[in-house]
Amino acid sequence: MSPGSREGLAVTLDAIGTVAIVAGVLLTLVASIGLLSLPDVLSRMHAATKPQVVGLLLVVIGGALHLRTSVDVWMLVLVGAFQLVTAPVTAHVVGRLAHRGDGVRRDLLYVDELVDTRDGADPGPDRPEPDEPDVEDPDVPAPRGGWTEGS
Amino acid sequence: MSTLPALLDAVLVVSLVLLGISAVLVVVRLLRGPTGLDRLVALDVLVAEFLCGLVAYAALTGDSALVPVVVAISLVGFLGSTTVARFVRRGTDR
Amino acid sequence: MSGGRGNGPTPPDTTGLLRRAVPVVWLVLVWVLLWGTFSWANVLGGLVVALVVLVVFPLPPAPGRSWLRPGPALRTLRRFVADLVVSSLQVAWQSLEALRPGRPIRSSVVAVRLESSSEFVMAMAVEILSLVPGSLVIEARPEERTLYAHVLGADDAEAVAAFRAQVARLEADLVEALGRPQAAGAPSEEIP
């Protein structure tokens, strides 16, 4: 009712928004560290998902709580929705290329069930060809037998 | 009660600084990345951090003129990274 | 198609029309949100743009999709958000852990065969798995109902089995939320 309580509400929303922004920024910072520390492209992409999806969503929520005018809030909602729709597309394209090319360190894979199951349309270039020996690691159970029937 | 908004502003400034530090880390990966895909992923993250920075700055100043910019960049960034992925593929095919 | 009209289980005309109207409504909504203000001029402009876009680039039909069930859909959404938070923290921890010199983190590429034959369920599962940090779908083959995911930190059989269980639970949630595919689209479901 009184202008005082209204101001209190505004400050509370600002505080919640700031907490959300800080959480998103901290996740982004750790993800950037992960981008440097993780060993190959596919692993780094997991770190990259955080600022792209979780971090940005948190920051957008925080920004919406700060701005609070309907135009801005709806536009920020759209930004979040676009990000949710488009991030998996990029991740899928890049991830598939990384697995076909040299973007994955196969010695660090515990099991790779995608090797050797390619259909005839695209025969060669994505196998870890003869320059790389077949035996990858002593504790890999099935060397490259493709995926098993166990669900 | 009047100290709390000032504190919140200070926290926002600190988070902008943290975003800057993470952007520097990402640029290191961008310059060092052995393959083109590394650079592509790093560039995507850089765009996301830029968006975060814009939203945080808008929250700090209350200036909502930047919000349409955020919308536009989020769309263009997606188009850019999927397009570049096609070219990167040519480069790494052996 | 032209058999007994009106006494079939689903009247084809209205559902077909409704299905074609759904993307129009979404596009108009996005258009209005982009303009930021609700006015009839915006709605009309959005309608024109949506119709032109859908005529020039027609969407493929989504076979056998029924309406969303609110209860299970909300539960799926809740679990998705919980997954997002938990695995973000997990990947954050793994990124910091990888800073220490020593053995680098190991991962797996896991093949998961889905029970459901619906491509829509598969697409939603791929979308959700890719959004969550820690799992990344690198190949999806609808004709084999199989998706291949890179799982960060899955370095033993237990972790791989845990990921398979997670996908199975997600798929069951989605099937429940989206309803079974109808007989018109795909062969019937084998989920009880």
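Over residues 6-28 of chain B the chain is 100% helix and 0% strand, with the end C-alpha atoms 34 Å apart, in a model that is predicted. Residues 66-88 of chain B are 96% helix and 0% strand, and here the end C-alpha atoms lie 32 Å apart. Both stretches appear in the unreviewed UniProt entry, which lists residues 6-28, 40-60 and 66-88 of chain B under "transmembrane region".

From these helical stretches the reader may turn to the nonpolar core. The largest such core holds 33 residues, among which C:Leu129, C:Leu147 and C:Phe163 touch the most other members. The elements that contribute two or more residues to this core are α1 (3-37), α2 (41-67) and β1 (109-112) of chain A, together with α3 (70-97), β1 (107-113), α4 (119-131), β3 (146-151) and α5 (157-178) of chain C. Around C:Leu147, once its neighbours within four places in sequence are set aside, the contacts include C:Val110, C:Ala111 and C:Val112, as well as C:Met122, C:Val126 and C:Leu129; C:Glu139 is also among the residues that C:Leu147 contacts.

Nonpolar residues also form a patch on the surface, of about 710 Å², made by C:Leu27, C:Val48, C:Val49, C:Val52, C:Val53, C:Val55, C:Val56 and C:Phe57. Helix α2 (residues 40-56) of chain C supplies the largest share of this patch, six residues. C:Val53, which lies in that helix, has a relative accessibility of 34% and therefore counts as partly exposed.

The charged side chains add another layer to the picture, with eight salt bridges counted over all chains. In one of them, the side chains of C:Asp173 and C:Arg75 meet at 3.0 Å, N to O. Because C:Asp173 belongs to helix α5 of chain C and C:Arg75 to helix α3 of chain C, this pair ties together parts that are 98 residues apart in sequence. C:Asp173 counts as buried at 5% relative accessibility, whereas C:Arg75, at 26%, counts as partly exposed. Both residues belong to a network of salt bridges that links C:Arg75, C:Arg79, C:Asp173 and C:Glu176.

Two further pairs can be followed in chain C. C:Arg100 forms a salt bridge with C:Glu97, their closest N and O atoms being 3.6 Å apart; C:Arg100 is exposed, with a relative accessible area of 57%, while C:Glu97 is partly exposed at 33%. The side chains of C:Glu144 and C:Arg141 meet in a salt bridge at 3.8 Å, N to O, and in this pair C:Glu144 is partly exposed, with a relative accessible area of 26%, whereas C:Arg141 is buried, with a relative accessible area of 5%.

Methods:
Residues numbered from 1 in each chain as written. Chains lettered and ligands numbered in written order. Predicted model: local features only at pLDDT ≥ 70, side-chain atom pairs only at ≥ 80, totals over all residues. Heavy atoms only, no water. UniProt positions renumbered as here; feature names shortened; annotations may be inferred. Helix = DSSP H or I, 4+ residues; strand = E, 2+ residues; numbered from the N terminus. Core = buried A, V, L, I, M, F, W, Y, C linked by side-chain atoms within 4.5 Å. Buried < 20%, exposed > 50% of the residue type's maximum accessible area, 1.4 Å probe, protein only. Contact = heavy atoms within 4.5 Å. Patch = residues over 30% accessible without salt bridge, like charges linked within 9 Å, V, L, I, M, F, W, Y side chains within 5 Å. Areas by Shrake-Rupley, 256 points an atom, 1.4 Å probe, with all protein chains shown as cover. Salt bridge = Lys/Arg side-chain N within 4 Å of Asp/Glu carboxyl O.
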